[in-house]
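Reader: I would like a close look at one part of this model, with the reasoning spelled out.

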Amino acid sequence: MRLSRDPRADPSYKYTGLKDALHWTPNLGVPGFATPAYMEIFNSSLVPRMVQSVLKGESRPEDAAAAAASEIQRISEKWKQS
């Protein structure tokens, strides 16, 4: 398993404790039930893409956050209509 022998980690076993994270991380940090809109937002990697665009210098934090908020609103509205 990669988490128990990560060649880039120091020490190589430092991520072993995360191997069963899906069992003890309910709804990936969201209180309550995960909704279809939330799952679409999560599965689209919207937040990681937002952070990546800032880290790469492609956008300012304010602009990335505004773009992500707009996309979240669009997804939420789509699911309200369903």
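Reader: By about how many helical turns are Tyr-38 and Phe-42 separated in helix 2 (residues 36-43)?

Author: Tyr-38 and Phe-42 are separated by about one helical turn, because they are four residues apart in helix 2; helices here are DSSP runs of H or I with at least four residues, numbered from the N terminus. The model is a predicted one, in which local features need pLDDT of at least 70 and side-chain atom pairs count only at pLDDT 80 or more, while totals for chains, interfaces and linings use all residues. Residues are numbered from 1 along each chain as its sequence is written, and side-chain values use heavy atoms, with hydrogens and water left out.

An α-helix has 3.6 residues a turn, so residues three or four places apart point the same way. Rings of Phe, Tyr and Trp (its six-membered ring) are paired if their centres lie within 6.5 Å, and planes under 30 degrees apart count as stacked, over 60 as edge-to-face and the rest as tilted. By this rule there is one aromatic pair: the ring centres of Tyr-38 and Phe-42 are 6.3 Å apart and their planes lie at 25 degrees, so the pair is stacked. Tyr-38 is buried at a relative accessible area of 19%, whereas Phe-42, at 41%, is partly exposed; buried means under 20%, exposed over 50% and partly exposed in between, with a 1.4 Å probe and protein chains only.

Helix 2 also belongs to the surroundings of helix 4 (residues 61-81), whose buried residues are Ala-64, Ala-68 and Ile-75. These cover an arc of only 25 degrees around the axis, which puts them on the same side of helix 4, the arc being that of the directions from the helix axis to the C-beta atoms. Among what covers them are helix 2 and helix 3 (46-55), while Lys-80 and Gln-81 are exposed on the other side of helix 4.

The largest nonpolar core has five residues, Ala-37, Ile-41, Leu-46, Ala-68 and Ile-75, and helix 2 and helix 4 each supply at least two of them. Such a core is a set of buried Ala, Val, Leu, Ile, Met, Phe, Trp, Tyr and Cys residues joined through side-chain atoms within 4.5 Å. Within this picture, and not counting residues up to four places away in sequence, Ala-37 touches Ile-75, Ser-76 and Trp-79, where contact means heavy atoms within 4.5 Å.

Technical notes. Helices (H or I, at least four residues) and strands (E, at least two) are DSSP runs, numbered from the N terminus.
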